[in-house]
Amino acid sequence: MLAHTNRNRPRRAHTVPIPRTALVSGALAAALTASFLHAPQALAAPEEPRAQECDPVEEAPPKRQMRAEWIAGVENIDWPTEQGLSAEEQQAELVELYDGAVDRGLNSVIVQVRPTADAFWPSPHEPWSEWLTGEQGGDPGYDPLEFAVEEAHERNLEFHAWYNPYRVAMHEDPTRLVEDHPARQNPEWTFSYGGQLYYDPGVPEAREFVIEAMMHSVENYDLDGVHFDDYFYPYPVGGEEIPDQETFAEHGEGFDDVADWRRDNVDTMVREVGEAVNATKPHVKFGISPFGIWRNSATDPAGSDTSGMQSYDEQYADSRKWVTEGWLDYINPQIYWNIGLEVADYSVLVPWWEEVAATTDTHLYIGQAAYKVGEEEGPWTEDPGELSAHLDLNRDHPGVHGDVYFSATSLRTNAQEAFETVQREHYAHPALVPVAPDLGGESPPAPSVTRTAPVEEDLELDLTPAKGSEPAYYAVYAVEGVPEGKPVCGIDDARNLLGTVRAGEDGTATFTVPGAEGGYTFYATALDRLHHESGASEPRYLP
């Protein structure tokens, strides 16, 4: 794998090796050194990016895709793997997960930081999470959210903070909460259902508190995204009714039907969170990963040709409305079923969701059930290529902008072999995160490759921003052959993308190409934090 470093700190990259027949060494390395010493410095970056008058690239993999994994904290699914680990042990576990994400070709992580009305950061609103230390309110000795964000950005991974809005506890006993827990101090905000404790979405004060608690992290940390999972009103439990009749009587004015009122409660929370995030940090994305079926067509003509549970009716989650109303930056439905499953066919749900998002600015990412591989009877076990087949199907649907895998642990355990197939067939080359035009941002000016130097068998490229610009990171490309003064079309082809590197505090970075072979021209581009890309730098040819 390629690696690269920044002058200040080692960094990890989304990289692939360029084709080569020999490593740079010995006399050739000496000759290259002389060549680089006498090469002119890169010219000043043009004020405008180079015009890209290039023919479409046929059969090239997508250059932009969301490639993410969920890292779950609840019940210690992914991180930390057990309660009570030392700060150093917790940090080492997360670094290992992040390095694995990079090695697997991912470009984003979705990390759970509020699993059960608690916090993975020093929140003034809620106690430290019990999933960290084993004791709710127990200080882990460092700031896990700060560490998680910084380490993700060091590797140029987008960081989405994942929250469960309403779940208070995986049990229903308020006395097991710390004494000053808001749910214990305000029991009228809660109800128990199915053996768990929840904030009641119908209580306005509870909703306002939940939003305030989550927004504290948005205001104080360098997040790239705010993410909700599929839990709103709880999943139905047979023979048990949600105990919110008194809440409906008090707050349900204007609604004759409790189901409509419940949906309105969830809609209000979703809309208000989106508004709060946009008002506070417009560059931060807001996305939700709902249950994969909104409604079945037998119930609603606008629904999908499926016959499974309907989140609209059972969880009061009107996920289709959130997209069509423009309240979200991305929707990430959990389409956790195989191709051909009669009640919920993956090949039916993907185009249905694509059509829902087609006329909006909301990006569509597909939630993939890596946890099922080898664990469930049927296609997930019998066909090791099921997961890769999902991405084959997605390629026929341009409205799909990427995939998110549940979860990080599965990608290195039960689904490891299946994901190696995904890498080989779909992630053999890095990908940039898709641009969401409605979030603003703009392409920086083109950077300069200010120095190229062989280091043992590797090649180092020093990258410098254009004067006055502050790119978030750089992308580096290797195009076979010598430039001829025509538009730089090679950077449109993802097969030429070597990887990315985060800019340091001074805006510079160093990208290392291991075992670089002669006969390639290298280019760099600069990108802002919303992934708008500059034109190419002046070429640096390696003879």
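This note goes through a predicted model, from its overall make-up to its cores, its open and closed spaces, and two buried sites.

1. Overall make-up. The protein has 543 residues, of which 59% are buried. Its secondary structure consists of 15 helices and 20 strands. Among contacts with a separation of 6 or more, 74% join residues that are 24 or more positions apart. The exposed surface is about 21800 Å², and 46% of that comes from carbon and sulfur atoms.

2. Nonpolar cores. The largest nonpolar core holds 117 residues, and Tyr98, Phe159, Tyr163, Tyr199, Phe228 and Val270 have the most contacts inside it. Helix H6 (residues 204-220) gives this core its largest share, 8 residues. A second core, separate from that one, has 19 residues, including Leu459, Val476, Val501 and Tyr520.

3. Tyr163. This residue is among those with the most contacts inside the largest core. Setting aside neighbours within four places in sequence, Tyr163 is in contact with Val113, Arg114 and Trp121, with Met214, Ser217 and Val218, and with Leu223, Val226, His227, Phe228 and Asp229. The list therefore includes charged residues, Arg114 and Asp229 among them.

4. Second largest pocket. Its volume is about 370 Å³. The lining is made up of 20 residues, and Asp230, Tyr231, Gln334, Tyr336 and Phe406 are the closest to the centre. By class, this lining has 13 nonpolar, 2 polar and 5 charged residues.

5. Largest cavity. A search of the whole structure gives 2 cavities of 30 Å³ or more. The largest encloses about 110 Å³. It is lined by 15 residues, with Asn156, Glu158, Val433, Tyr473 and His531 closest to its centre. The lining of the largest cavity divides into 5 nonpolar, 6 polar and 4 charged residues.

6. Second largest cavity. This one contains about 30 Å³ of space. What lines the second largest cavity? The residues are Thr116, Glu130, Trp131, Gln136, Val168, Ala169, Met170, His171 and Leu177. Helix H3 (130-133) and strand E6 (167-169) each provide at least two of the lining residues. In this lining, 5 residues are nonpolar, 3 are polar and 1 is charged.

7. Glu126. Is Glu126 buried or exposed? Its relative accessible area is 5%, and residues under 20% count as buried, so Glu126 is buried. Glu126 sits in the loop between strand E4 (108-114) and H3. Apart from neighbours within four places in sequence, Glu126 is in contact with Arg114, Ala117, Asp118, Ala119, Tyr199, Phe209 and Ala213. Of these contacts, Tyr199 is also one of the residues with the most contacts inside the largest core. Val210 lies 84 residues from Glu126 along the chain, and the C-alpha atoms of the two are separated by 9.7 Å.

8. Helix H13. Why is helix H13 (residues 386-395) described as largely enclosed by the rest of the structure? The reason is that 7 of its 10 residues are buried. These are Glu386, Leu387, Ser388, His390, Leu391, Leu393 and Asn394. The buried residues of H13 pack against three helices and two strands: helix H11 (346-357), helix H12 (379-382) and helix H15 (416-425), together with strand E12 (363-368) and strand E13 (400-405).

Methods
Residues numbered from 1 in each chain as written. Predicted model: local features only at pLDDT ≥ 70, side-chain atom pairs only at ≥ 80, totals over all residues. Heavy atoms only, no water. 1 Å grid on protein atoms, 1.4 Å probe; cavity = no way out; pocket = protein on both sides within 12 Å on 5 of 7 lines; lining within 4 Å. Points joined across faces, edges and corners; volume = space filled by probe spheres on them. Helix = DSSP H or I, 4+ residues; strand = E, 2+ residues; numbered from the N terminus. Buried < 20%, exposed > 50% of the residue type's maximum accessible area, 1.4 Å probe, protein only. Contact = heavy atoms within 4.5 Å. Areas by Shrake-Rupley, 256 points an atom, 1.4 Å probe, with all protein chains shown as cover. Core = buried A, V, L, I, M, F, W, Y, C linked by side-chain atoms within 4.5 Å.
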